[in-house]
Amino acid sequence: MAQTAPDSKQGASPSMSLDEARVLPSGEREFMLDVRTQDMELNMGPQHPATHGVMRILLRVDGEIVTGAQPHLGYLHRCAEKIGENVEWLQYLPYTDRYDYLSSMNNNLGYSMAVEALMTGLEIPRRAQMLRIICAELNRIGSHLIAYGTYGLDIGAFTPFFYAFREREWMMALFEKICGARLTYSYIRIGGVFNDAPPGWLGEVERFCDVFEQKWVEYYDLLMENHIFVKRTADVGVISREMALDFGLTGPMLRGSGVDWDLRRDMPYSLYGEIWKDGAFKIPVARGEKGSLGDCWDRTWVRVMEMMESIKIVRWCLAHIEPGPIIGDVPKVLRVPTGEAYVGIENPRGELGHYVVSDGGKVAIRVRVRGPSFVNVAVTEALMTGTLLSDAVAIVGSTDVVIGETDR
Amino acid sequence: MLAVTETPLAAPAPVGDGNLVLDLLTGLRPESVPLWAVMATSALIAVGLAVALISLIAMFSTWMERKVAGHIQCRYGPMHVGWHGWLQPIADGVKLLLKEDIIPKGADKVLFVLSPAIVLASLLGAMAALALSPNFFFADIDLGVFFILAMTSTTTIGVVMAGWASNSKWSLYGSMREAAQVIAYEVPLGISLMVPLIVAGTFNLREASAAQGGWYGMHWFVFQNPFMLPAFLLFFTAVLAETKRAPFDLPESESELVSGFLTEYSGIRWSFFFMEEYAAMFLYSAVGAFFFFGGFESPFTWAVAQMAPHTIDLGETIGTLKLLGEGSLLHNLVAVATIVVKAFAGVFLMMWVRWSLPRIRIDQVMTLGYKYLTPLSMVCVLGAALFELAWIRFFGGAS
Amino acid sequence: MDFQAIHDRLRVLRAPGLLGSDEPRPADPKDKHSKGRAGDPFLLVDAQKLVDFLVVCRDDARLSFEILADLSATDPSKDAADLWINVNLLSVRHKHRLAIKCTLAKQQARMPSSVRAYRAAQWAERECGEMFGIEFTGHPDPRNILLPDDWIGAPLRKDYEFPKEYHGISCV
């Protein structure tokens with residue numbers, strides 16, 4: 001950035017050749033008849049509005065065309081895994097809030113379930129399971145609302161962002177009522193949840209669902225069907241099915257490439273198996289409606305459609321929830337039996353895996369976090385080359401990266 | 001410079017040649033003051049008025065933008081400074097003036113300081129050709145709209161200079177996009193404006209306005225020719241691109257280029273670019289109003305012009321003042337109100353578009369400009385010309 | 001397929017480097033010192049042949065592990081001679097998982113890169129390599145990913161000592 005712009009043009013040698021032609025992203029052929037120029041290196045980030053935090057992407061650009069991209073991470077590295085080996089099992093729970101801070105409930109759930117996998121014989125009460133699912137799904141809605149809104153911002157539409165935040169605000173108010181925090185909840189604990197729903201809370205969740213179902217139509221019309229938005233995102237950043245699997249993409253990124261895979265259905269945990277058998281929700285899988293299968297539009301579409309499915313899951317839970325205990329029999333000083341377990345759950349961004357190793361003590365041997373953002377953002381490197389600068393922004397936005405999770 | 005026409009607001013005084021301020025100053029001049037000093041003062045007053053006008057427009061537009069954006073986005077916008085935040089632009093202006101003036105270390109200092117000045121100056125120049133009422137304007141130029149287009153295009157030079165001088169790659173991107181975009185859209189802008197020019201037969205804003213006075217003040221050009229409405233849509237699209245407004249705000253595009261050519265600017269220099277943007281929006285909207293939507297003409301203007309003339313005498317120095325009737329004070333005030341309302345309606349439309357649509361990509365901008373808008377505007381010109389010819393041929397041109 | 005079926009299938013395929021399996025078991029009530037083990041069953045694989053093993057897992061139609069869900073390492077304790085390499089595979093077609101564990105001597109932490117089998121391994125190995133000081137031979141881009149390029153030491157090893165200062169920034 002600090003280099004002088006004029007200098008970057010120095011050393012160019014003129015060339016006149018009719019043979020050299022390249023295909024532009026628009027499909028046209030461009031002939032190299034003018035002065036040949038050097039590529040320029042461009043730092044997108046660590047402080048850049050489109051990188052959703054402090055990711056840095058080193059771009060090599062030829063005018064508007066990106067000829068190479070290299071993401072650099074680590075600006076938000078907070079040593080979560082090292083901390084996990086130094087604090088007690090329960091003390092680590094608040095740290096899980098902080099990696100994907102937009103879906104803290106799901107992170108709590110993933111970590112709790114990984115520890116519970118080691119604690120044989122620990123029964124999670126049914127009401128706690130219900131509350132967990134309600135919170136996790138509401139949080140999924142909130143997270144997808146951010147994804148939808150900020151993707152609009154990346155494309156240049158401001159208004160969807162504010163619409164999305166209006167409903168997210170309500171969602172956060174709901175969480176504030178149940179656990180006292182708005183962003184870093186630490187609500188789902190090992191063995192259950194730490195607080196029962198206050199009186200009237202479940203009714204308010206139901207009202208939220210009613211309103212959200214109406215507002216969702218607005219979201220869909222406002223952005224997803226907008227002609228400019230479609231033009232900007234369709235056929236951009238196409239990830240084929242094979243590529244998606246090879247890169248280990250999960251969640252909406254994978255479903256956006258047409259792979260019908262959702263851990264909630266295919267490897268059911270908690271009560272999801274029961275909910276699926278009841279036919280309460282579906283898994284939206286992209287079909288390449290507006291362009292080729294696996295483009296940015298498809299990924300965004302999957303997220304937008306998933307919000308409605310989450311509402312259905314919440315409604316199912318509201319219909320079936322019954323009074324009861326909210327936390328299992330977990331001692332104050334937790335000693336987790338020896339063993340190791342990997343538990344993956346369906347986070348809004350993909351599979352959040354926790355690999356925990358215990359030697360029977362109060363402190364973990366290893367808490368490995370497989371952050372979906374970390375895996376998903378790796379694909380940008382391969383996608384950006386050959387696109388336009390604006391498309392590069394669209395591609396980063398469509399991965400819905402949360403830097404807290406890539407860097408942990 | 002505040003000239004008055006052959007139907008003057010006040011009766012002409014001997015020296016000033018129809019210049020209101022000059023006349024006034026000459027009348028009040030003591031013997032010891034030389035005449036050139038009086039003329040210079042009068043020129044300065046006119047410049048001051050133009051600057052004040054731009055600042056007022058920019059201030060009002062920023063407030064309006066925030067309110068429009070706020071209400072589109074389910075919020076209020078500024079609410080605390082004054083009634084519904086109407087003093088917010090003043091608070092912002094004070095803040096911007098008091099901010100530290102930062103010039104980046106590697107920047108080309110001269111160009112960096114010069115470019116906001118060029119941007120604002122070229123717009124001030126363009127403002128000179130804008131008539132505010134039938135009898136009140138800064139400069140009555142025969143090629144008025146031509147002059148406005150030429151002067152506003154000059155702002156591009158300032159923007160390109162700013163991008164280059166900032167010595168930042170993002171700024172360079174912004175300015176190159178601006179240059180490419182303005183070159184692409186200058187063509188459809190000019191050609192689509194040819195359509196009303198064909199109908200009006202004049203480049204002068206006041207004359208164009210006067211030609212739309214029939215039909216109780218509703219004989220606007222847009223109703224005179226079937227090709228006028230498509231031409232206006234093309235004109236509006238080109239204006240959006242020309243003034244860097246969404247969906248054509250690629251030179252700034254916050255999410256891609258940080259802030260484009262404004263990245264390294266701060267404080268009052270930064271605000272100059274914004275004053276230019278809002279003033280340009282107003283100016284283009286006013287031009288659109290003059291050449292498509294009747295200019296000063298509206299049923300109200302028409303009604304005032306029909307009133308019986310009424311004149312009062314204000315004494316030796318100033319002369320007589322017309323209050324009612326054609327060319328009177330009230331007529332001029334209504335005309336000012338009409339054009340300001342029409343221009344801000346255009347500005348509102350631009351804001352509405354900005355807060356509703358995403359941004360388009362640079363190759364799409366170029367494609368739209370060269371492949372669609374330019375040929376379409378040419379078709380419009382051809383169609384309008386043939387229509388006018390046929391009208392004259394078969395109906396004797398009594399449009 | 002459940003774990004036992006996967007294990008049998010890999011034995012039939014003679015998957016390179018397959019050493020055995022480890023399954024959770026309850027504590028032996030007779031032996032006071034045995035703690036038992038909870039959690040997932042996993043396969044033990046030779047680290048040097050891991051990439052070939054992964055290729056077999058990926059390409060066999062009945063296993064069809066398309067996704068490398070996770071690749072990381074564990075340092076079991078300060079005194080241990082070996083690191084563990086933990087791999088988790090996922091099959092979208094057959095809806096099953098497989099956990100793999102390799103051991104790798106701390107003294108000579110070097111193993112072939114798995115990028116040949118899964119491109120997902122590229123970033124996972126970069127992180128694993130910098131955090132545990134493992135060298136993945138044949139990795140196309142073996143730079144640090146989360147740590148600065150000039151960081152000294154492998155932070156997630158149990159014998160890691162926190163630096164006193166870094167570029168003039170006090171870390172105490």
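Here a visitor asks a guide about a predicted model, and the guide checks each label against its rule.

Visitor: What makes A:Arg368 and C:Glu127 a salt bridge?

Guide: The rule wants a side-chain nitrogen of Lys or Arg within 4 Å of a carboxyl oxygen of Asp or Glu. Here the closest N and O atoms are 3.3 Å apart, so the pair passes the 4 Å cut-off. Between chain C and chain A the count is seven salt bridges.

Visitor: Which elements of chain C give two or more residues to the side that touches chain A?

Guide: They're strands E2 (38–39), E4 (67–74), E5 (82–91) and E6 (96–105), plus helix H3 (121–132), all of chain C. The top giver is E4(C), with eight residues. Sorted by class, that side of chain C has 25 nonpolar, eight polar and 15 charged residues.

Visitor: How do you know how much area chain C and chain A bury between them?

Guide: You take the accessible area that the two parts lose on being put together, summed over both. For chain C and chain A that comes to about 3,800 Å², with 55% of it on carbon and sulfur atoms. Three residues, C:Arg119, C:Trp123 and C:Leu146, supply 19% of the area that chain C buries against chain A, more than any other three residues. As for who takes part, the contact involves 48 residues from chain C and 45 residues from chain A.

Visitor: Why do we say that strand E8 of chain A and E2(C) pair?

Guide: Two strands count as paired if DSSP finds at least two bridges between them. Strand E8 (residues 339–347) of chain A and E2(C) have two bridges, in the parallel sense, so they meet the rule. Want a spot to look at? In E2(C), C:Gly39 is the bridge partner of A:Glu340.

Visitor: Let's move to chain B. What makes B:Arg177 and A:Glu64 a salt bridge?

Guide: Same kind of check. Their side chains meet at 2.6 Å, N to O, and the cut-off is 4 Å, so the label fits. The rule finds three salt bridges across the interface of chain B and chain A, and the count of residue pairs in polar contact there is 12. Helices H6 (169–200), H10 (254–257) and H14 (362–395) of chain B each supply at least two residues of the side that touches chain A. H6(B) gives the most, with five residues.

Visitor: How many residues of chain B and chain A are in contact, and what area is buried between them?

Guide: On chain B there are 29 residues in contact with 41 residues of chain A. The buried area is about 3,200 Å², and carbon and sulfur atoms give 60% of it.

Visitor: How do you know whether the radius of gyration of chain B agrees with that of a compact globule?

Guide: With 399 residues, a compact globule would have a radius of gyration near 21 Å, and chain B has 22 Å, so the two agree. The C-alpha atoms of chain B fill a box of roughly 65 × 60 × 40 Å along the principal axes.

Visitor: Why is the bond between B:Ala246 and B:Pro247 worth pointing out?

Guide: Most peptide bonds are trans, so a cis one catches the eye. The bond joining B:Ala246 and B:Pro247 is cis, with omega about 0 degrees. You'll find B:Pro247 in the loop between helix H9 (228–242) and H10 of chain B.

Visitor: And what is the phi of B:Val258?

Guide: Phi is near 60 degrees, a positive value in a residue other than glycine. Most residues other than glycine have a negative phi. Look for B:Val258 in the loop between H10 and helix H11 (267–292) of chain B.

Conventions. Residues numbered from 1 in each chain as written. Chains lettered and ligands numbered in written order. Predicted model: local features only at pLDDT ≥ 70, side-chain atom pairs only at ≥ 80, totals over all residues. Heavy atoms only, no water. Contact = heavy atoms within 4.5 Å. Buried area = accessible area lost by both parts, 1.4 Å probe. Helix = DSSP H or I, 4+ residues; strand = E, 2+ residues; numbered from the N terminus. Nonpolar A, V, L, I, M, F, W, Y, C, P; charged D, E, K, R; others polar. Polar contact = N/O pair within 3.5 Å; in protein donor to acceptor, adjacent residues only side chain to side chain. Rg over C-alpha atoms; globule rule 2.2 N^0.38 Å.
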